[in-house]
Amino acid sequence: MPGWLKNAVFYEIYPQSFNDTNGDGIGDFEGIIEKLDYIRDLGANALWINPCFDSPFMDAGYDVRDYKKTAARYGTNDDLIRLFETAHQKGIRVLLDLVPGHTSDQHEWFLESKKDEVNEYSGRYIWTSHAFEGIAGRPYISGMSDRAGAYMLNFFASQPALNYGWLNRTEKWMSAVDSPEAIATREAMKDVMRFWLDAGCDGFRVDMADSLVKNDDENKSATAAIWANVRDMLDKEYPEAALVSEWSNPYQAINGGKFHMDFYLDHWNNGYNTLLRDYETGGEDNSFFRSEGHGDIMRFLNDYLPKYNATKDNGYIAMFTCNHDTPRPARTLSAQELKLAYAFILTMPGVPFIYYGDEIGMRYLDVKTKEGGYQRTGSRTPMQWDHTRNMGFSAAEENSLYLPVDHSSDAPAVSDQINDPDSLYTLTKNITAIRHAYPDLQADGPFEVVYAEKEQLPFVYRRGSLVLAVNPSLEEKKAPVTFRENEPVFTVGKAEIRDGQLILSPQSFVILK
Ligand code: NOJ
């Protein structure tokens, strides 16, 4: 386990929308370099950058055309290497986004694989024997190549599935997981990883990490075995490199696949979803952190605790404020509600991720789809730095921006919040600083539930020598107290201990030591 993860706080950057320094309307590596001090001052010491490789951008870069070449619109490989170096000088690690399950249909491997003549890449993707034979129950395309066969898709139509083999093979065209072609795909992906690790990156966020082996068993053990093999390589060759999976099943990803961390994704009705996004459009919002939400912390804990207990000795659950696929939490939560939510996320075990702009409460915008974003596009709009042209994101003409900026008169901006002691930015910065100051609050610090009752508040939890409590409601709430800690280290609102009761003011959060 890379030791630096213990105290890591990540900041996710969607590079298209972070900071444009050459006036072409889209963010770039130089723009990230320019803002490294901002990121460090916020308290983040690690970055995850969404795919920044050569791509036709049918899925915002998750359709990679060349794994070893950066997209020209962000800069050159050398610019990215300069970003690694500058970040390291400032104590910031950088994870790239590895997309191992599929490529773009314009990737050279696929162009070769489509050919009628058998070649090195014929088995790199999943193909049936002839064009009239589909892949039962799975999306595929046929009739687009000289090669007789249908090819399997892993996501959108432009993203053919790479071939890591099938565990339960029912057709003769299905490769075994230990076939030469399946092994070659795994080794090709390790080669990509070595290329960027040698160039100075600190690891990878792994896209759809659970999607590799088809017809896998219910524990996804064949897919996990591939990742365990990758982890072996990292342990030997790059022991400081970190891997985080988009899997959202920490038992499979961490215990099976030996990932260092696994994302707790926003899936309808799972524990994480009940915290910030427990709504269906137009329906009631019962998110735990909504002041009038009638949220229930037990819905979170019943899902989270078994996952945490099963994996805490082997790796970390990664909880985020949001990501590029998920509605911004400010879509339904007020600034005060967000403060309590971030204080909670940033004091839980595992590794927290802040999505760019969430620290100022950037909104989910109603914008047209871009690069295969569809409803996700509203969470991918330009960072709002100040109230100058295009909110400080870019000097380009407004109509040539990658996506429109938030034009509302009260659009949040870094410049308004950075010196305001009551802002969401300042809360985020302060709580992150406290996490850095107390090892008990970090990734592997202990976690224990002190007071949690169905549909009751507050929620009280212990992290080693500290007791933390949150009351998102508009009423004062009390919990019975048997602990002795009563010196506040951090408060939003008011808290006091009286007659064996912890009393929390409306919409409050407290850390006691
Ligand atoms: C998950 C990524 O987060 C998402 O943005 C992408 O569209 C799919 N995987 C396909 O790669």
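Is Cys 201 buried or exposed? Cys 201 has a relative accessible area of 5%, so it counts as buried, the cut-off being under 20%. The model is predicted.

**Barrel and strand 5**

The strands form a closed barrel of eight, in the order 1-2-5-8-9-10-11-12, and the pairing is parallel. On average, neighbouring strands of this sheet are turned by 25° against each other, with direction ignored. Helix 3 (residues 77-89) packs on the sheet and touches strand 2 and strand 5. The direction of helix 3 makes about 145° with that of strand 5.

Strand 5 covers residues 93-98, and five of its six residues are buried, so the strand is largely enclosed by the rest of the structure. In the barrel order, strand 5 stands between strand 2 and strand 8. Strand 2 (residues 46-49) runs parallel to strand 5 and is joined to it by three bridges. Strand 8 (residues 203-206) also pairs with strand 5 in the parallel sense, over three bridges. Among the bridge partners, Trp 48 is matched with Leu 95 of strand 5. Towards strand 8, Leu 96 has Phe 204 as its partner, and Asp 97 has Arg 205.

**Helix 3 and helix 5**

Two packed helices are described by the angle between their axes and the distance between the axes. For helix 3 and helix 5 (residues 180-199), the angle is about 60° and the axes are 9 Å apart. Helix 3 is therefore oblique to helix 5. At this contact, Asn 77, Leu 80, Ile 81 and Phe 84 of helix 3 meet Phe 195, Trp 196 and Ala 199 of helix 5.

The buried residues of helix 3 are Leu 80, Leu 83, Phe 84, Thr 86 and Ala 87. Their cover includes helix 1 (29-34), helix 2 (36-42), strand 2, strand 4 (66-70), strand 5 and helix 5. After helix 3 comes Gly 91, which has a positive phi near 75°.

**Helix 6**

Helix 6 spans residues 221-237. Its buried residues are Ala 222, Thr 223, Ala 224, Ile 226, Trp 227, Val 230, Arg 231, Met 233 and Leu 234. These buried residues pack against strand 5, helix 5, strand 8, strand 9 (242-245) and helix 7 (250-256). Strand 5 thus appears among the elements packed against buried residues of helix 6 as well as among those covering helix 3.

The table sets the expected span of each helix, at 1.5 Å a residue, beside the distance between its end C-alpha atoms.

| Helix | Number of residues | Expected span | End C-alpha distance |
|---|---|---|---|
| Helix 3 | 13 residues | 18 Å | 19 Å |
| Helix 6 | 17 residues | 24 Å | 24 Å |

For helix 3, the distance agrees with the expected span. The values for helix 6 agree too.

**Cysteines**

How many disulfides does the structure hold? The number is zero. Cys 201 is in no disulfide, and the nearest cysteine sulfur, that of Cys 52, is 9.5 Å away. Why is Cys 322 without a bond to its closest cysteine? The closest cysteine sulfur to that of Cys 322 is in Cys 52, at 20 Å, which is too far for a bond because a disulfide needs the two sulfur atoms within 2.5 Å. Cys 322 is buried, with a relative accessible area of 1%.

Key: Residues are numbered from 1 along each chain as its sequence is written. This is a predicted model: local features need pLDDT of at least 70, side-chain atom pairs count only at pLDDT 80 or more; totals for chains, interfaces and linings use all residues. Side-chain values use heavy atoms; hydrogens and water are left out. Buried means under 20% relative accessible area, exposed over 50%, partly exposed in between (1.4 Å probe, protein chains only). Helices (H or I, at least four residues) and strands (E, at least two) are DSSP runs, numbered from the N terminus. Two strands pair if DSSP finds at least two bridges between them. The expected span of a helix is 1.5 Å times one less than its number of residues. Contact means heavy atoms within 4.5 Å. Axes are lines fitted to C-alpha atoms, for helices over the stretch in contact, and angles run from 0 to 180 degrees between N-to-C directions. Angles under 35 degrees count as roughly parallel, over 145 as roughly antiparallel, 65 to 115 as roughly perpendicular and the rest as oblique.
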